[in-house]
Amino acid sequence: MSERPGGGSPRAGAGSGRPAGGSPRAGAGSGQPGSGSPDAGAGSEARASGSNRWVQRGVALLLDAAAIVLFAYLGRGAHEGGRSAAEVLEVALPFLVARLVVAVLVRQSSTRLWPGGVVAWLVTWAGGLALRAALGGGTALPFVLVSLGVLGGLFLVWRLAWLIDRRVR
């Protein structure tokens, strides 16, 4: 007879100490009848943890998008530009698209300061500048440096506040 990975025989319960389900966890527990597995709630905890991760990623994406729009709004006002929605969107759009790409590709917890926040900031910044250049927008050195600093500050300050809030709780 061939052995199963984990040492059990292919026949359910045949000398393996396992019930007919064949699962290594089935029947595990305190050994008392009806006690069940000590990990009985693990599946629901994993689902709750997974949905919490999605909520955190959504919050991070929304707060970063707000930071990008604020950056564009303040930048347009500082240079005697208009602050209409279309004018702000013209500046913000390449960075918003880049941040969406980060949300899809990066699996790190984006609410964390490191590495998630730093990765989100730098990839959004670099991707936004690349898209801006490809679309014919300005990429003068002062804009490159100011966008690096302002986006970095805006992306990381709310994550730092999040971190402090989590530690205080």
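**Exercise 1. How many aromatic pairs does the ring rule give, and which parts of the chain do they link?**

Step 1. State the basis. This is a predicted model, where local features need pLDDT of at least 70 and side-chain atom pairs count only at pLDDT 80 or more, while totals for chains, interfaces and linings use all residues. Residues are numbered from 1 along each chain as its sequence is written, and side-chain values use heavy atoms, with hydrogens and water left out.

Step 2. State the rule. Rings of Phe, Tyr and Trp (its six-membered ring) pair if their centres lie within 6.5 Å; planes under 30 degrees apart are stacked, over 60 edge-to-face, and the rest tilted.

Step 3. Count. The rule gives 4 aromatic pairs.

Step 4. Take one of them. Phe71 and Phe143 form a tilted pair, with 6.1 Å from centre to centre and 45° between the planes. This pair links distant parts of the chain, since Phe71 is in helix α1 (residues 42-78) and Phe143 is in helix α4, 72 residues apart. Helices here are DSSP runs of H or I with at least four residues, strands are runs of E with at least two, and both are numbered from the N terminus.

Step 5. Check accessibility. Buried means under 20% relative accessible area, exposed over 50%, and partly exposed in between (1.4 Å probe, protein chains only). Phe71 is buried because its relative accessibility is 6%, whereas Phe143, at 21%, is partly exposed.

Step 6. Take another pair. Trp158 and Trp162 are edge-to-face, with 6.1 Å between centres and 75° between planes. The two are 4 residues apart in helix α4, so about one helical turn separates them. Trp158 is buried at 12% relative accessible area; Trp162 is partly exposed at 23%.

Step 7. Look for a cluster. Ring pairs join Phe71, Phe95 and Phe143.

**Exercise 2. Which arginines lie over the faces of Trp54 and Phe143?**

Step 1. Apply the criterion. A charge sits over a ring if NZ of Lys or CZ of Arg is within 6 Å of the ring centre and within 35 degrees of the ring normal.

Step 2. Read off the residues. Arg57 lies over the face of Trp54, 5.0 Å from the ring centre. Arg132 lies over the face of Phe143, 4.2 Å from the ring centre. Arg132 is also one of the buried residues of α3.

**Exercise 3. Describe helices α3 and α4 and the way they cross.**

Step 1. Place them in the fold. The protein chain has 4 helices and 0 strands. Of its 169 residues, 24% are buried.

Step 2. Compare spans. The expected span of a helix is 1.5 Å times one less than its number of residues. Helix α4 (residues 141-168) has 28 residues and reaches 40 Å from its first C-alpha to its last, close to the expected 40 Å. Helix α3 has 22 residues and reaches 30 Å, close to the expected 32 Å.

Step 3. List buried positions. In α4 they include Val144, Leu151, Phe155 and Arg159. In α3 they include Gly116, Ala120, Trp121 and Thr124.

Step 4. Determine the crossing. Axes are lines fitted to C-alpha atoms, for helices over the stretch in contact, and angles run from 0 to 180 degrees between N-to-C directions. The axes of α3 (residues 113-134) and α4 come within 10 Å and cross at roughly 150°. The two helices are therefore roughly antiparallel, as angles under 35 degrees count as roughly parallel, over 145 as roughly antiparallel, 65 to 115 as roughly perpendicular and the rest as oblique. The crossing is right-handed; that is, the near helix is turned clockwise from the far one by less than a right angle, whereas anticlockwise would be left-handed.

**Exercise 4. At what angle do α2 and α3 pack?**

Step 1. Give the geometry. The angle is about 130°, with the axes 8 Å apart. This makes α2 oblique to α3, and their crossing is right-handed.

Step 2. Add a residue pair. Val97 is in helix α2 (residues 85-105) and is partly exposed at 37%. Its C-alpha is 8.3 Å from that of Thr124, 27 residues away along the chain.

**Exercise 5. Where is the cis peptide bond?**

Step 1. Recall the background. Most residues other than glycine have a negative phi, and most peptide bonds are trans.

Step 2. Locate the bond. The cis bond joins Trp114 and Pro115, with omega about -5°. Pro115 lies in helix α3.

Step 3. Check the helix end. Just after α3, Gly136 has a positive phi of about 90°.
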